[in-house]
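Me: Hey, can you walk me through the charged pairs in this one? I'm new to this, so keep it simple.
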Amino acid sequence: MRKLTTEEYLNEYLPKLNEKESYLFYLISRDREAKEQGLKIDKVLYRVWNVETLKAVKILLSIRDNVEFEVRGIKIRKEWIKVMHVLNPVNMSKASKDTVVRYMQECERKPDISKIFFSELPRHIDFKIFMVDVDSKDRKIIEQMKDLKPRLVMTTRRGFHIHFWKEDLEDPQILFRLKDVEVKTRDSIEYVPISQGKFTPEAYEIIDIEEINNLIS
């Protein structure tokens, strides 16, 4: 097990990009208190792409620290705002081309091209990594993955996000037979391992699922 710095996670662990791809980073209002105030729990406040990953994170941190957000008259507390990213690379070239096509087809209705573009992004993801969301620290839940090959575990407030790369799985359907977990696929959203208000997610490279037991007190 090796704990990764933010820079190592972004520049060494994540799949390498080709010239047409980019990672999509978000500022997201994601907190149970925000939900209690009537806000959508994953409300996207700001997006960044087409820049170096570490630079993107620094931009979002600067915005989070210096900008006050308000949604439907509700002031967003800083501790509600998380810096996250689409786990898998997005093919920005294909998304842009399809955005133009859709815009031309719908131009008589004067569509908002930015909304079209944002709706196209999830359709053009280069799917490389599954995320298994374990909202618990129950060792029995972890144990059922003992025959699988994980690459990384991200700690969360209540449990773990476990990454399995498609190329390591002979039968990806085995993930969907796991109990008491949520399997997230191409458009899964992951934390950046930095301070996220009330907690700091930590990223660890692993090669065996049992290594996660070291993170359970």
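Reply: Sure, starting with the term itself: a salt bridge is a side-chain nitrogen of Lys or Arg within 4 Å of a carboxyl oxygen of Asp or Glu. Keep in mind that this is a predicted model.

Me: OK, how many salt bridges does that rule give?
Reply: The count comes to 16 salt bridges.

Me: Which residue does Arg151 meet in a salt bridge?
Reply: Asp168, with 2.7 Å from N to O. The two sit in distant parts of the chain, 17 residues apart. Arg151 is in the loop between helix 6 (139–143) and strand 10 (152–155), while Asp168 is in the loop between strand 11 (160–165) and strand 12 (182–184).

Me: Is Arg151 buried, exposed or partly exposed, and why?
Reply: Partly exposed, because its relative accessibility is 23%, and that label covers values between 20% and 50%.

Me: Got it. What about Glu143, what does it pair with?
Reply: Lys146 is the partner, and the closest N and O atoms are 3.8 Å apart. Glu143 is partly exposed at 33% relative accessibility, and Lys146 is partly exposed too, at 47%.

Me: And which residue does Asp126 bridge to?
Reply: To Lys128, at 3.3 Å from N to O. Asp126 counts as partly exposed with 29% relative accessibility, and Lys128 also counts as partly exposed, with 26%.

Me: New topic: which residues are linked in a network of salt bridges?
Reply: Arg2, Glu8, Glu12 and Glu205 are joined that way.

Methods:
Residues are numbered from 1 along each chain as its sequence is written. This is a predicted model: local features need pLDDT of at least 70, side-chain atom pairs count only at pLDDT 80 or more; totals for chains, interfaces and linings use all residues. Side-chain values use heavy atoms; hydrogens and water are left out. Buried means under 20% relative accessible area, exposed over 50%, partly exposed in between (1.4 Å probe, protein chains only). Helices (H or I, at least four residues) and strands (E, at least two) are DSSP runs, numbered from the N terminus.
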